[in-house]
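User: I have a model open and would like to know what stands behind the words used to describe it. Could you take me through it?

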Amino acid sequence: MTAPADLFLTELAAVLGSGSVLRGDDATGYAVDGRGYSVGDDPVVVRPRDVAGVAETVRRCREAGVAIVAQGGNTGMSHGTMLPVDRPSILLSLARLDQILSVDPDRWTMTVQAGVTIQAVQEAAAAAGRRFAPDWGARGTATVGGAIATDAGGNNVVRYGNMRDNVLGVEAVLADGAVWDGRRALRKDSTGYDLKQLLIGSEGTLGVVTSAVLKLVPATAHQQSALLAIPGLAVLSELFELAQTSAAGSLSAFELLPDVAIDRVVEVFGHAKPLDSGTDYFVLLTLASSETVEPRLAALLEAAAKRDLLVDAVVAGTPEQEANLWGIRDHASPTACFVGFQHHGLKLDTAIPLDRVAEFVTGVQSRAAAIAPMALCYGFGHVGDGNIHMMVLPTDDDSVEPWLAVRDELTASIDELVFSMAGTLSAEHGIGLLLRDRIGPQKSDLEWELMHRIKAVFDPDGILNPGKMLPPRAPNA
Ligand SMILES: Cc1cc2nc3c(=O)[nH]c(=O)nc-3n(C[C@H](O)[C@H](O)[C@H](O)COP(=O)(O)OP(=O)(O)OC[C@H]3O[C@@H](n4cnc5c(N)ncnc54)[C@H](O)[C@@H]3O)c2cc1C
């Protein structure tokens with residue numbers, strides 16, 4: 001990466017205060033995450049203390065032509081925080097904007113700064129007798145700003161929606177340094193274009209989110225999960241329908257787990273193996289409510305068994321068993337359970353129309369078997385939303401080279417399958433740099449062109465996360 005001029009940085013540091021501009025060893029923690037993903041060599045990290053500092057930084061960067069890449073917890077999966085290599089840039093960390101500004105149970109909202117973690121939001125909501133519903137494995141590190149920027153999803157989308165459905169208002173610093181305060185605590189507001197929704201999912205390309213009003217939902221004092229061994233993927237649709245319709249609205253997670261990932265997680269992380277059923281796939285589902293859910297879960301399992309939708313099941317009877325089941329789910333990604341090989345692999349964040357998930361998984365598996373027989377292929381994740389993370393990766397040293405020789409061919413083949421099934425390559429992780437050059441065929445040229453025009457309105461000088469998200473313009477556009 002290219003650093004901005006020394007004078008620029010010295011003046012910025014003087015305005016923002018001590019510890020606000022980091023380089024070298026001091027910046028390492030922001031440059032590389034626990035997965036080994038790096039934003040680039042020798043980054044300049046700018047860490048303002050407040051929204052005024054963010055605005056001042058953005059204003060100065062615009063004047064000096066310095067690109068800005070916003071960073072929250074750096075847990076993103078799409079290389080959205082990677083710095084451009086061809087122009088001066090800074091990594092703008094929101095880590096010090098970490099205040100919960102208010103919790104308002106009567107409004108069913110809370111207002112938090114962008115650098116607050118998802119877990120801190122969940123805990124503050126719970127302390128006020130409410131619940132912030134979005135949740136996923138990186139909860140302890142991922143921030144509200146990053147979650148808004150990627151329109152993050154997670155385990156509870158099936159009931160509560162993704163970030164788009166859980167954000168009522170946003171404050172953001174725009175590309176000229178102006179602060180737009182759109183933090184309204186309204187459930188309904190039909191006054192013109194919804195600028196907040198434009199910022200949600202814009203991956204730092206339209207503005208820097210500095211704080212937000214989040215929606216709270218009723219606390220669910222009762223929660224119980226079960227792991228169901230299913231006879232095959234063909235039952236997924238029927239099982240999901242049964243769970244949705246028989247659980248009286250209390251279904252809050254419906255996740256697919258393959259035996260290969262469960263076995264691996266048990267081996268690597270020492271979780272207790274919940275079931276030994278000999279089946280290839282399992283569904284982890286959770287019912288949650290303000291009332292007891294045990295009878296509903298028992299009835300659901302009985303009905304599923306009668307219809308041959310499961311071959312065996314285990315119900316979490318204690319908080320420890322509940323934590324064990326969800327610990328397995330949190331670790332099911334190769335990033336956690338196939339460390340050393342995960343960087344070579346193909347990790348997909350696909351979503352497919354709900355009734356075609358099984359067909360899609362089978363389609364990917366047969367393409368992988370034909371093109372990359374040396375690789376392990378499995379799917380897991382939020383199938384209740386049609387969001388299935390397909391993984392294809394080598395799992396021993398000998399397979400790496402032959403796998404790398406066919407990885408691009410298999411990637412193109414799977415992408416084509418996704419588009420042919422009216423699916424998406426990015427259900428919840430955003431486009432970033434990872435998918436930018438693959439995402440084009442998913443939408444029409446007109447749709448991408450409209451997005452380029454929106455980008456030009458918000459960021460005419462192209463300083464906000466340049467080169468991310470938007471595929472290059474169509475020729476002659
Ligand atoms: C173990 C694990 C499990 C995960 N599970 C899920 C899951 O189930 N569902 C899911 O959706 N995601 C999941 N993720 C991905 C990740 O946690 C989310 O994408 C999260 O929203 C990223 O937040 P962050 O603060 O880490 O953002 P970063 O990684 O720091 O940034 C992500 C993007 O947002 C931009 N950005 C960050 N902060 C701001 C801001 N304040 N203003 C404007 N732009 C900003 C960045 O420039 C970048 O483009 C998982 C990640 C891990 C490591």
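Analyst: Here is a short conversation about the terms and the values behind them. This is a predicted model, in which local features need pLDDT of at least 70, side-chain atom pairs count only at pLDDT 80 or more, and totals for chains, interfaces and linings use all residues. Residues are numbered from 1 along each chain as its sequence is written.

User: Thanks! Why is the protein called as compact as a globular protein of its length?

Analyst: The comparison uses the radius of gyration, taken over C-alpha atoms, and a globule rule of 2.2 Å times the number of residues to the power 0.38. The radius of gyration is 23 Å, close to the 23 Å from the rule for 477 residues, so the protein is as compact as a globular protein of that length. Along the principal axes, the C-alpha trace spans about 70 × 60 × 45 Å.

User: Which helices and strands are counted, and how many are there?

Analyst: Helices (H or I, at least four residues) and strands (E, at least two) are DSSP runs, numbered from the N terminus. That gives 16 helices and 19 strands.

User: What makes E14 "largely enclosed"?

Analyst: A residue is buried if 20 or more other C-beta atoms lie within 10 Å of its own, exposed if 12 or fewer, and partly exposed in between, with C-beta atoms placed from the backbone. Eight of the nine residues of E14 are buried, so the rest of the structure largely encloses this strand. E8 (residues 167-173) earns the description too, because six of its seven residues are buried. Over the whole protein, buried residues make up 48% of the 477.

User: How do you know which strands pair with E14?

Analyst: Two strands pair if DSSP finds at least two bridges between them. Strand E12 (residues 222-230) and E14 (residues 281-289) share nine bridges in the antiparallel sense, and E13 and E14 share seven, also antiparallel. Bridge partners include Gln224 with Leu287, His222 with Ser289 and Leu256 with Val283.

User: What makes E13 and E15 edge strands?

Analyst: The open sheet has the order E13-E14-E12-E15, with antiparallel pairing. E13 (251-258) and E15 (312-315) each pair on one side only, which puts them at the edges.

User: Which helices lie on this sheet, and at what angles?

Analyst: Axes are lines fitted to C-alpha atoms, for helices over the stretch in contact, and angles run from 0 to 180 degrees between N-to-C directions. Contact requires two residues to have their C-beta atoms, placed from the backbone, within 7 Å. Helix H9 (residues 236-246) touches E12, E13 and E14, and its direction makes about 160° with that of E13. Helix H12 (residues 319-330) lies across E12, E13 and E14 at about 60° to E12.

User: What joins E8 to its partners?

Analyst: Six bridges join E8 to the antiparallel E10 (residues 208-215), with Glu171 opposite Ser211. Four bridges link E8 in the antiparallel sense to E9 (residues 179-182), where Val173 has Val179 as its partner. E8 and E9 form a hairpin with five residues between them, and Gly177 in the turn has a positive phi of about 95°.

User: Where do the domain bounds come from, and what are they?

Analyst: They come from an automatic or database domain assignment, which gives domain 1 (6-93), domain 2 (100-218), domain 3 (222-332) and domain 4 (337-462). The centres of domain 1 and domain 2, taken over C-alpha atoms, are 22 Å apart. Their contact takes 14 residues from domain 1 and 21 residues from domain 2.
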